[in-house]
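Me: Please take a close look at one part of this model for me. Choose a helix, tell me which side of it is covered and by what, and then follow the packing outwards from there.

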Amino acid sequence: MSSALTDLFPHPIVQAPMAGGVSVPQLAAAVAEAGGLGFLAAGYKTADGMYQEIKQLRSLTGRPFGVNLFMPQPEYPGASPGSSGAAGAALPAAGAIEVYAHQLAGEAAWYDTELGDPDSGRDDGYDAKLAVLLDNPVPVVSFHFGVPGADALESLRRAGTFTLVTATTAEEAVAVERAGADAVIVQGVEAGGHQGTHRDNPETDGCGIGLLSLVAQVRESVRLPIVAAGGLMRGSQIAAVLAAGASAAQLGTAFLATPESGAHAVHKQALTNPLFVRTELTRAFSGRPARGLVNRFLREHGPYAPAAYPEVHHLTAPLRKAAAKAGDAQGMALWAGQGHRMARELPAGQLVEVLLAELAAARTALSRFPAGDGGLS
């Protein structure tokens, strides 16, 4: 199965699917043409919007690529995606969302916009998108925020599609294997953007596992091929996760700064701007834990944001859009991994080449030491 994954692309580099307009066809094509696996992000798009991007990407490259889907969200906090809920389980706290909306009233006035409707939908058009991908199969489909049903995974397999599902713990990886996915994306806490936890449980906030430890745990828990994700910015880091047992490495923030990326120019500049010195996991923008650069919005609202995704995402969408239009980095969701300061403004294809050169150099350096020596003798 590992060879089935790596046979799709010659180099062990996967461009992470970054929703919100970052992972555009031009970026995915550039990575694919360089021998990595490029990805489109279907999150927050309509099924037709996703299909149009797939058609555009196919006009740019004949190489394999992937499409990422967000799983529908449960109807109450802490439930597994796809669950119907238990008797007496609390529904999303409408009161908490209303309180948060009141807190954001000043932001709406500042940016001269209205807050969004928190009840704009919870399934992200999942069924319609899955239907498109079954009618018009793509080489790879990955899933975030939960595990799809075994029937969906089997249907994609029959269509010739290789499937991956994100896991943030060894237990989640076991669930991915049981469902029948072809591989698991192991996401460390260092990763930028949303953590792909299967349950959105506020009690586990701050309990994320570092990537190398998590890869080792998952390697001992499942037999699936592993794609390692989280804070990877250099070829030497790719070498480390491959040595730890991963079949490939997934990089997001590293590709965010490339000219092909659809990220806002302010977002790209912020990655290396000395004003933004660190990242945090926050619910401020979406109601789900996501890692971003610490700015004014995150500091002021993060401690009070309820665990309510995608309600908070819908609520803050007009604010984020207005801040981006104004070029105000202090009001934007500046998603970034912990390695953001190492971002390089290189064309995506050239970045793949540089990463591969660094990977080769790291492997050569490691090969100089006999097993068990560690370079100390």
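Reply: Here is a walk through one helix, its neighbours, and a few spots further along the chain for comparison.

A word on the numbers before we start: residues count from 1 along each chain as its sequence is written, and side-chain values rest on heavy atoms, with hydrogens and water left out. This is a predicted model, in which local features need pLDDT of at least 70 and side-chain atom pairs count only at pLDDT 80 or more, while totals for chains, interfaces and linings use all residues.

The helix I have picked is α3, which covers residues 47-60. Helices here are DSSP runs of H or I with at least four residues, strands are runs of E with at least two, and both are numbered from the N terminus. Its length works out nicely: at 1.5 Å a residue, the 14 residues of α3 should span 20 Å, and the end C-alpha atoms are indeed 20 Å apart. (The expected span is 1.5 Å times one less than the number of residues.)

Which residues of α3 are buried? They are A47, M50, E53, I54 and L57. Buried means under 20% relative accessible area, exposed means over 50%, and partly exposed is in between, with a 1.4 Å probe and protein chains only. Why do these five residues of α3 count as being on the same side? Because they cover an arc of only 125° around the axis, the arc being that of the directions from the helix axis to the C-beta atoms. An α-helix has 3.6 residues a turn, so residues three or four places apart point the same way.

E53 deserves a pause. Its relative accessible area is 16%, so E53 counts as buried. Leaving out residues up to four places away in sequence, E53 touches S23, P25, L40 and K45, where contact means heavy atoms within 4.5 Å.

What lies over the buried residues of α3? The cover includes helix α2 (25-33), strand β2 (38-41), strand β3 (65-70) and helix α6 (126-135). Let's take the two helices in turn.

The axes of α2 and α3 come within 9 Å and cross at roughly 35°. These axes are lines fitted to C-alpha atoms, for helices over the stretch in contact, and the angles run from 0 to 180 degrees between N-to-C directions. The contact is made by P25, Q26, A28, A29 and E33 on the α2 side, and by E53, Q56, L57 and L60 on the α3 side. So P25 and E53, already paired above, turn up again in this helix contact. The crossing of α2 and α3 is right-handed: that is the case where the near helix is turned clockwise from the far one by less than a right angle, with anticlockwise giving a left-handed crossing.

Now for α6. Its buried residues are Y126, K129, L130, V132 and L133. They lie on the same side of α6, because they cover an arc of only 155° around the axis. On the other side of α6, D127 and D135 are exposed. The buried residues of α6 pack against α3, β3, β4 (140-144) and α7 (150-158).

A lysine stands out in that list. K129, in helix α6, counts as buried because its relative accessibility is 2%. Neighbours within four places in sequence aside, K129 is in contact with A42, G43, Y44, K45, T46, A47, M50, L69 and D124. Two of these, A47 and M50, are among the buried residues of α3.

D124, another contact of K129, lies in the loop between α5 (105-110) and α6. Its phi is near 55°, a positive value in a residue other than glycine. D112 sits in the loop between α5 and α6 too, and its phi is also near 55°. At 72% relative accessibility, D112 counts as exposed. Most residues other than glycine have a negative phi, and most peptide bonds are trans.

For a peptide bond of the other kind, look further along the chain: Y309 and P310 are joined by a cis peptide bond, with omega about 10°. P310 lies in the loop between α13 and α14.
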